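Trainee: I am new to this structure and would like to learn my way around. Could we walk through it together?

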Amino acid sequence: MGKRYFCDYCDRSFQDNLHNRKKHLNGVQHLRAKRAWYDLFRDAAAILQEEQTKKPCRKFLQTGQCDFGSNCRFSHMTEQDLEKLSAQVQ
């Protein structure tokens, strides 16, 4: 069976060889999972500044869901969420 590589970001393992590891590390799913992990530790001030520059996501406001999720270029925060975030920054 050979060595297996476990990716902590994706919570997944696969046979470890150069081709498989390179394919996984450059894959969209891995890059999204890695970004989501690091976003958990971002500074509240940086998040607030970024969210205030974005326009609200219409689909998210209408349905409560967005097909793009965390990769959406629009903001998924409500006015109340922004107020809570600004209170944290203070």
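Mentor: Gladly! This is a predicted model. Let us start with lysine 54, which counts as partly exposed because its relative accessibility is 23%, and buried would mean under 20%.

Trainee: Which side chains meet lysine 54 in a salt bridge?

Mentor: A little background helps here. Side chains of opposite charge can pair when their charged atoms come close. The cut-off is 4 Å between nitrogen and carboxyl oxygen, and lysine 54 meets two carboxylate side chains at 3.5 Å, N to O. They belong to glutamate 50 and glutamate 51.

Trainee: Are those partners, glutamate 50 and glutamate 51, buried or exposed?

Mentor: Glutamate 50 has a relative accessible area of 29%, so it is partly exposed. Glutamate 51 has a value of 13%, and buried means under 20%. Glutamate 51 is therefore buried.

Trainee: Which residues do salt bridges that share partners join into one network?

Mentor: Lysine 54 and its two glutamate partners belong to it. Another link is the salt bridge between aspartate 39 and arginine 42, whose closest N and O atoms are 3.8 Å apart. Aspartate 39 is partly exposed at 30% relative accessible area, and arginine 42 is also partly exposed at 30%. The full network is Arg35, Asp39, Arg42, Glu50, Glu51 and Lys54.

Trainee: How many salt bridges does the count come to?

Mentor: Each one needs a side-chain nitrogen of Lys or Arg within 4 Å of a carboxyl oxygen of Asp or Glu. By this rule, the count is seven.

Trainee: Which residues lie closest to the centre of the largest pocket?

Mentor: Rolling a probe the size of a water molecule over the atoms shows where empty space is left. The largest pocket holds about 360 Å³ of space. It is lined by 17 residues, and the closest to its centre are Asp39, Arg42, Glu51, Lys54 and Ser70.

Trainee: Which element gives the most to the lining of that largest pocket?

Mentor: Two elements give two or more residues to this lining, helix 2 and helix 3. The top contribution is four residues, and it comes from helix 2.

Trainee: Where does phenylalanine 41 lie, and which surface patch does it help form?

Mentor: Phenylalanine 41 is exposed because its relative accessible area is 57%, and exposed means over 50%. It lies in the loop between helix 2 (28–39) and helix 3 (44–53). The patch is nonpolar, with about 580 Å² of accessible area together, and is formed by Tyr9, Trp37, Tyr38, Leu40 and Phe41.

Trainee: What is the phi of aspartate 11?

Mentor: Most residues other than glycine have a negative phi. Aspartate 11 sits in the loop between strand 1 (4–7) and strand 2 (12–15), and it is exposed, with a relative accessible area of 60%. Although it is not a glycine, its phi is positive, at about 55 degrees.

Trainee: Which feature does UniProt place at residues 51–79?

Mentor: Over residues 51–79 the chain is 34% helix and 0% strand, with the end C-alpha atoms 11 Å apart. The record is an unreviewed entry, and the feature it gives is "zinc finger region: C3H1-type".

Trainee: How far is the C-alpha atom of glycine 69 from that of cysteine 57?

Mentor: Glycine 69 is found in the loop between helix 4 (58–63) and helix 5 (79–89), and it is partly exposed at 30% relative accessible area. Glycine 69 and cysteine 57 are twelve residues apart along the chain, and their C-alpha atoms are separated by 10 Å.

Notes:
Residues are numbered from 1 along each chain as its sequence is written. This is a predicted model: local features need pLDDT of at least 70, side-chain atom pairs count only at pLDDT 80 or more; totals for chains, interfaces and linings use all residues. Side-chain values use heavy atoms; hydrogens and water are left out. Patches are made of residues with over 30% relative accessible area and no salt bridge: like charges are joined within 9 Å, nonpolar side chains (Val, Leu, Ile, Met, Phe, Trp, Tyr) within 5 Å. Accessible areas come from the Shrake-Rupley method with a 1.4 Å probe; for residues, only the protein chains shown count as cover. Buried means under 20% relative accessible area, exposed over 50%, partly exposed in between (1.4 Å probe, protein chains only). UniProt positions are given in the numbering used here, feature names are shortened, and annotations may be inferred rather than shown by experiment. On a 1 Å grid over the protein atoms alone, a cavity is a set of points where a 1.4 Å probe fits but cannot get out, and a pocket is an open set with protein on both sides within 12 Å along at least five of seven lines; lining residues have an atom within 4 Å of a point. Grid points are joined across faces, edges and corners, and a volume is the space filled by probe spheres set on the points.
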